[in-house]
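Q: I am new to this structure and would like a close look at a single part of it. Please take one sheet, go through it slowly, and then explain how it relates to what surrounds it.

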Amino acid sequence: QVQLVESGGGLVQAGKSLRLSCTASGSRFSLRVMGWYRQAPGKQRELVATKTSGGDTNYADSVKGRFLISRQGASNTIYLEMDSLNSDDTAVYYCNAVENYSGYSAWGQGTQVTVSS
């Protein structure tokens, strides 16, 4: 039932920063987990970062220390602050959310991030 919309993607130079946003709407239950995944051309979709309603976070090793996921508790909006971007970060970034109780998992349409060298 929940719908997700991402924004903030674009073209950015290596070493620079970018912030992505995701807003959820229409959820029947509170959102147990919200996070970001990405998929580069020819590669599988991979986890970037997640954050639970309780504040627990999980980051991919490749982005630790560079990316920061923020969420205001059970807020319906999350952000991904991306610093020191490099060409390996080029991908379509997808927002994900999991509803409490129902376990329903929703995905946004994705936003393209392209990092130029």
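A: Two strands are said to pair here if DSSP finds at least two bridges between them. The model is a predicted one, and the part to begin with is the pairing of strand 3 (residues 18–25) with strand 8 (residues 77–82), which run antiparallel and are joined by six bridges. Within this pairing, Leu18 stands opposite Met82 of strand 8.

Strands 3 and 8 belong to an open sheet of four strands, whose order is 1-3-8-7 and whose pairing is antiparallel. Strand 1 (3–7) and strand 7 (67–71) stand at the edges with a single partner strand each, so one side of each has no neighbour in the sheet. On average, and with direction ignored, neighbouring strands of this sheet are turned by 15° against each other.

At the edge formed by strand 7, five bridges join this strand to strand 8, and the two run antiparallel; Ile69 stands opposite Leu80 of strand 8. In a regular strand, side chains alternate between the two faces of the sheet. Strand 7 shows such an alternation, since Phe67, Ile69 and Arg71 point to one face and are buried, while Leu68 and Ser70 point to the other face and are not buried.

From strand 8, the picture can be widened to the interior. Nonpolar side chains tend to be buried together in soluble globular proteins. In this model, the largest nonpolar core has 29 residues, and those with the most contacts inside it are Leu4, Met34, Trp36, Leu80, Met82 and Tyr93. At least two residues of this core come from each of strand 3, strand 4, strand 5, strand 7, strand 8, strand 9 and strand 11 (111–116). Met82, which has already appeared opposite Leu18, touches Lys16, Ser17, Leu18, Leu20, Arg66, Phe67, Tyr93 and Val113, when residues up to four places away in sequence are not counted.

Strand 3 also has a covalent link to follow. A search of the whole structure finds one disulfide, and this disulfide joins Cys22 to Cys95 with an S to S distance of 2.0 Å. The link of Cys22 and Cys95 is left-handed, with -80° about the S-S bond. Cys22 lies in strand 3 and Cys95 in strand 9, so the pair ties together parts that are 73 residues apart in sequence. Both cysteines, Cys22 and Cys95, are buried.

The disulfide leads on to strand 9 (residues 91–99), which pairs with strand 4 in the antiparallel sense over eight bridges; there, Met34 stands opposite Ala97 of strand 9. Strand 4 is also joined to strand 5 by six bridges, again with the two running antiparallel, and the bridge partner of Tyr37 in strand 5 is Leu47. The hairpin of strand 4 and strand 5 has six residues between the strands, and in this hairpin Gly42 takes a positive phi near 75°.

One further residue of that region deserves a look. Ala40 is found in the loop between strand 4 (31–39) and strand 5 (46–52), and it counts as buried because its relative accessibility is 19%, where buried means under 20%. Not counting residues up to four places away in sequence, Ala40 touches Thr90 and Ala91.

Conventions
Residues numbered from 1 in each chain as written. Predicted model: local features only at pLDDT ≥ 70, side-chain atom pairs only at ≥ 80, totals over all residues. Heavy atoms only, no water. Buried < 20%, exposed > 50% of the residue type's maximum accessible area, 1.4 Å probe, protein only. Contact = heavy atoms within 4.5 Å. Axes fitted to C-alpha atoms, helices over the stretch in contact; angles between N-to-C directions. Core = buried A, V, L, I, M, F, W, Y, C linked by side-chain atoms within 4.5 Å. Disulfide = S-S within 2.5 Å.
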